[in-house]
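User: I am new to this structure and would like a close look at a single part, the nonpolar core, with enough of the surroundings to place it. Please take me through it slowly.

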Amino acid sequence: LKIECLESRGKTRPPITAEQLVKQFRAVNLFVHGVASQFQTRTHQFAEESKNKLTWFDSMNSKAGWADPNIKFHHGYWQLAPDEALLIYPQPPPTMDWTHGYWNFQLNNWWMESLDYVGGHKITVNSLDAKRLPSGRYVIIVAHKDPGIPDTN
């Protein structure tokens, strides 16, 4: 496989100057600081407004950051002791058919990044792999270790 840019064939850019490099590093610094500040502010907001509960994250607010306006986010913030578990019994919104619609639950870190890469633990559950209780309800269990309850997520 070879990828070639045909429009620049034979053309070369002049070497970057020290002044250009300094200007670009300053721009990167501003960007990284801005992103870190934005997520730090949001995380503090979630920790204060959503402590120990799931709250709806306004789509107008989420559109400004990254989201498709048709996606509905709920955020929460918990700190669990090693011997505690959080049981979440999600309820579908009236407009959603959970049999045919798509939903997911995901654990994130401080920066709202998925923890998929950490230690092989299951940190997501979605409408395609979720198990239902005999009552037909879903339950999502968040804990430091698997509590060993059969047929749960």
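Analyst:

**The nonpolar core and its surroundings**

Nine residues make up the largest nonpolar core, namely L86, I88, W103, F105, V125, A130, Y138, I140 and V142. Two strands, β3 and β6, each contribute at least two residues to this core. The model described here is a predicted one, and the values that follow are computed from it.

To place the core, it helps to have the order of the chain in mind. The chain has two helices and six strands, and read from the N terminus these elements follow the order α-β-α-β-β-β-β-β. Of its 153 residues, 19% count as buried.

Within the core, two residues deserve a closer look, since they also belong to an aromatic pair. The count of aromatic pairs comes to one, and this pair is formed by W103 and Y138, whose rings stand edge-to-face with 5.1 Å from centre to centre and 70° between the planes. The two partners come from distant parts of the chain, 35 residues apart: W103 sits in the loop between β3 (85-88) and β4 (104-106), while Y138 sits in the loop between β5 (124-126) and β6 (140-143). W103 has a relative accessible area of 9% and is therefore buried, the limit being under 20%. Y138, with a relative accessible area of 7%, is likewise buried.

From the core one can move to D129, which precedes the core residue A130 in the numbering. Side chains of opposite charge can pair when their charged atoms come close. The structure holds one salt bridge, and it joins K122 to D129, with 4.0 Å between the closest N and O atoms. The two partners differ in how they meet the surface, for K122 is exposed at a relative accessible area of 57%, whereas D129 counts as partly exposed at 34%. D129 also has a spatial relation to N104, a residue of strand β4: the C-alpha atoms of N104 and D129 are 9.6 Å apart, although 25 residues separate them in sequence. N104 itself is partly exposed, with 42% relative accessibility.

Two further C-alpha pairs show how parts of the chain around these strands are placed. P82 belongs to the loop between β2 (73-75) and β3, and its C-alpha atom is 7.5 Å from that of A143, a residue 61 positions away along the chain. P82 counts as exposed because its relative accessibility is 63%, and the cut-off for that class is over 50%. L133, in turn, is found in the loop between β5 and β6, and its C-alpha atom lies 7.1 Å from that of T152, with the two positions 19 residues apart along the chain. L133 is partly exposed, at a relative accessible area of 21%.

For contrast with the core, one can turn to helix α1, which spans residues 18-49. This helix has 32 residues and reaches 46 Å from its first C-alpha to its last, close to the 46 Å expected at 1.5 Å a residue. Its buried residues are F39, R42, T43 and F46. F25, which also lies in α1, is exposed instead, with a relative accessible area of 56%. Together with I16 and L21, F25 forms a nonpolar patch on the surface, and the three residues have about 300 Å² of accessible area together.

After the helix comes one backbone feature that is worth a careful look. Most residues other than glycine have a negative phi, and most peptide bonds are trans. N52 has a positive phi of about 60° although it is not a glycine. N52 lies in the loop between α1 and β1 (55-57), where it counts as partly exposed at 48% relative accessibility.

Returning to the core, the picture is one of nine nonpolar residues, with β3 and β6 each supplying at least two of them, and with the edge-to-face pair of W103 and Y138 among its members.

Terms used. Residues are numbered from 1 along each chain as its sequence is written. This is a predicted model: local features need pLDDT of at least 70, side-chain atom pairs count only at pLDDT 80 or more; totals for chains, interfaces and linings use all residues. Side-chain values use heavy atoms; hydrogens and water are left out. Patches are made of residues with over 30% relative accessible area and no salt bridge: like charges are joined within 9 Å, nonpolar side chains (Val, Leu, Ile, Met, Phe, Trp, Tyr) within 5 Å. Accessible areas come from the Shrake-Rupley method with a 1.4 Å probe; for residues, only the protein chains shown count as cover. A salt bridge is a side-chain nitrogen of Lys or Arg within 4 Å of a carboxyl oxygen of Asp or Glu. Helices (H or I, at least four residues) and strands (E, at least two) are DSSP runs, numbered from the N terminus. Buried means under 20% relative accessible area, exposed over 50%, partly exposed in between (1.4 Å probe, protein chains only). Rings of Phe, Tyr and Trp (its six-membered ring) pair if their centres lie within 6.5 Å; planes under 30 degrees apart count as stacked, over 60 as edge-to-face and the rest as tilted. A nonpolar core is a set of buried Ala, Val, Leu, Ile, Met, Phe, Trp, Tyr and Cys residues joined through side-chain atoms within 4.5 Å. The expected span of a helix is 1.5 Å times one less than its number of residues.
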